[in-house]
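Good morning, and thank you for making time for this presentation. Please keep the sequence and the structure in view while I speak.

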Amino acid sequence: QYGVQVSASAWRSSAYAPFKAWNYDLTNGWQVLVSATKWIQIELDYPFTEISLYLYSQNTSSVSHPKTGYVEGSMDGNSWTQIATFEDWEKVTGGLIGIINCENDVGYKYVRLTTTAVSANTEYMSIGYMYLTGRPIYD
């Protein structure tokens with residue numbers, strides 16, 4: 001939407017592609033093998049400061065969701081700066097998992113969420129829905 005690009009380290013199938021984490025629908029979402037590297041990123045039209053990410057779990061208990069990890073920002077998609085961490089999120093089915101407030105005063109056009117631990121012992125991890133807020137820096 002609005003010219004943004006979404007990508008990820010991997011995904012289960014086209015039914016669980018990365019853009020599904022941004023589609024306002026908790027019935028599918030982005031899924032990836034728990035054993036795989038787990039990151040999802042968005043390229044925005046403009047750099048954003050004061051970034052917050054809201055993560056919601058998928059409407060199923062058969063998958064886990066992020067429990068511990070970090071958020072990075074980048075202007076070029078190659079050089080990354082860690083801007084927040086999260087840890088010990090509880091298992092939730094079909095609801096808000098957590099909010100990550102980055103409080104970055106530097107603007108970033110790319111934002112990446114990396115998961116280092118998951119909430120349950122399942123084959124797949126999922127983000128049912130996520131959204132980003134912040135302050136855009138217009139040219």
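How many salt bridges does the count come to? The count comes to one salt bridge. Please bear in mind throughout that this is a predicted model.

The partners in that salt bridge are Arg135 and Glu50, whose closest N and O atoms are 3.6 Å apart. Arg135 belongs to strand 9 and Glu50 to strand 3, so this pair ties together parts that are 85 residues apart in sequence. Glu50 counts as partly exposed, because its relative accessibility is 42%.

Let me turn to the interior. In soluble globular proteins, nonpolar side chains tend to be buried together. In this model, the largest nonpolar core has 28 residues, and those with the most contacts inside it are Leu53, Ile100 and Leu113. Several strands each supply at least two residues of this core, among them strand 2 (30–33), strand 5 (81–86), strand 6 (96–101) and strand 7 (108–118). Strand 3 (38–56) gives the most, with seven residues.

Leu53 deserves a closer look. Leaving out residues up to four places away in sequence, Leu53 touches Trp22, Val71, Gly98, Ile99, Ile100, Val111, Leu113, Met130, Tyr131 and Leu132. Both Ile100 and Leu113 are therefore on the contact list of Leu53, and these are the residues named with Leu53 as having the most contacts inside the core.

I now come to the aromatic residues. How many aromatic pairs does the count come to? The count comes to seven aromatic pairs. I shall present one of them, that of Tyr24 and Tyr129: the ring centres are 5.2 Å apart and the planes stand at 35 degrees, so the pair is tilted. Tyr24 is in the loop between strand 1 and strand 2, while Tyr129 is in strand 9, so the pair ties together parts that are 105 residues apart in sequence. The partners also differ in accessibility: Tyr24 is exposed, with a relative accessible area of 57%, whereas Tyr129 counts as buried, at 12% relative accessibility. Ring pairs link Tyr24 and Tyr129 with Tyr54, Tyr56 and Tyr131 into a cluster.

Arg112 brings a charge to two other rings. The charged end of Arg112 sits over the ring of Trp39, 3.8 Å from its centre. Arg112 also lies over the face of Trp80, at 4.3 Å from the ring centre.

Next, some buried polar residues. Is Gln58 buried or exposed? Gln58 counts as buried, because its relative accessibility is 4% and the limit for buried is under 20%. Gln58 is placed in the loop between strand 3 and strand 4 (66–74). The C-alpha atoms of Gln58 and Leu26 are separated by 4.8 Å, although these residues are 32 residues apart along the chain. Beyond four places in sequence, the residues that Gln58 touches include Tyr16, Leu26, Asn28, Thr93 and Ser126.

Asn28 leads us on from there. Asn28 is found in the loop between strand 1 (5–8) and strand 2 (30–33). Asn28 is also buried, with a relative accessible area of 15%. The side chains of Asn28 and Asn23 are joined by a polar contact of 3.4 Å. With neighbours within four places in sequence set aside, Asn28 is in contact with Ala15, Tyr16, Lys20, Asn23, Gln58 and Ser126. Tyr16 and Ser126 thus appear in the contacts of Asn28 and in those of Gln58.

Thr115 is another buried residue, with a relative accessible area of 5%. Thr115 has its place in strand 7. Apart from neighbours within four places in sequence, Thr115 is in contact with Lys38, Pro66, Lys67, Thr68, Gly69 and Met125.

Finally, two points on the backbone. Glu103 lies in the loop between strand 6 and strand 7. The phi angle of Glu103 is near 50 degrees, a positive value in a residue other than glycine. Glu103 is exposed, with a relative accessible area of 69%. Asp88, in the loop between strand 5 and strand 6, likewise has a positive phi, near 60 degrees, and is a residue other than glycine.

Thank you for your attention.

Methods: Residues are numbered from 1 along each chain as its sequence is written. This is a predicted model: local features need pLDDT of at least 70, side-chain atom pairs count only at pLDDT 80 or more; totals for chains, interfaces and linings use all residues. Side-chain values use heavy atoms; hydrogens and water are left out. Helices (H or I, at least four residues) and strands (E, at least two) are DSSP runs, numbered from the N terminus. Buried means under 20% relative accessible area, exposed over 50%, partly exposed in between (1.4 Å probe, protein chains only). A polar contact is a pair of N or O atoms within 3.5 Å; within protein, one must be able to donate a hydrogen and the other to accept it, and residues adjacent in sequence count only if both atoms are side-chain atoms. Contact means heavy atoms within 4.5 Å. A nonpolar core is a set of buried Ala, Val, Leu, Ile, Met, Phe, Trp, Tyr and Cys residues joined through side-chain atoms within 4.5 Å. Rings of Phe, Tyr and Trp (its six-membered ring) pair if their centres lie within 6.5 Å; planes under 30 degrees apart count as stacked, over 60 as edge-to-face and the rest as tilted. A charge sits over a ring if NZ of Lys or CZ of Arg is within 6 Å of the ring centre and within 35 degrees of the ring normal. A salt bridge is a side-chain nitrogen of Lys or Arg within 4 Å of a carboxyl oxygen of Asp or Glu.
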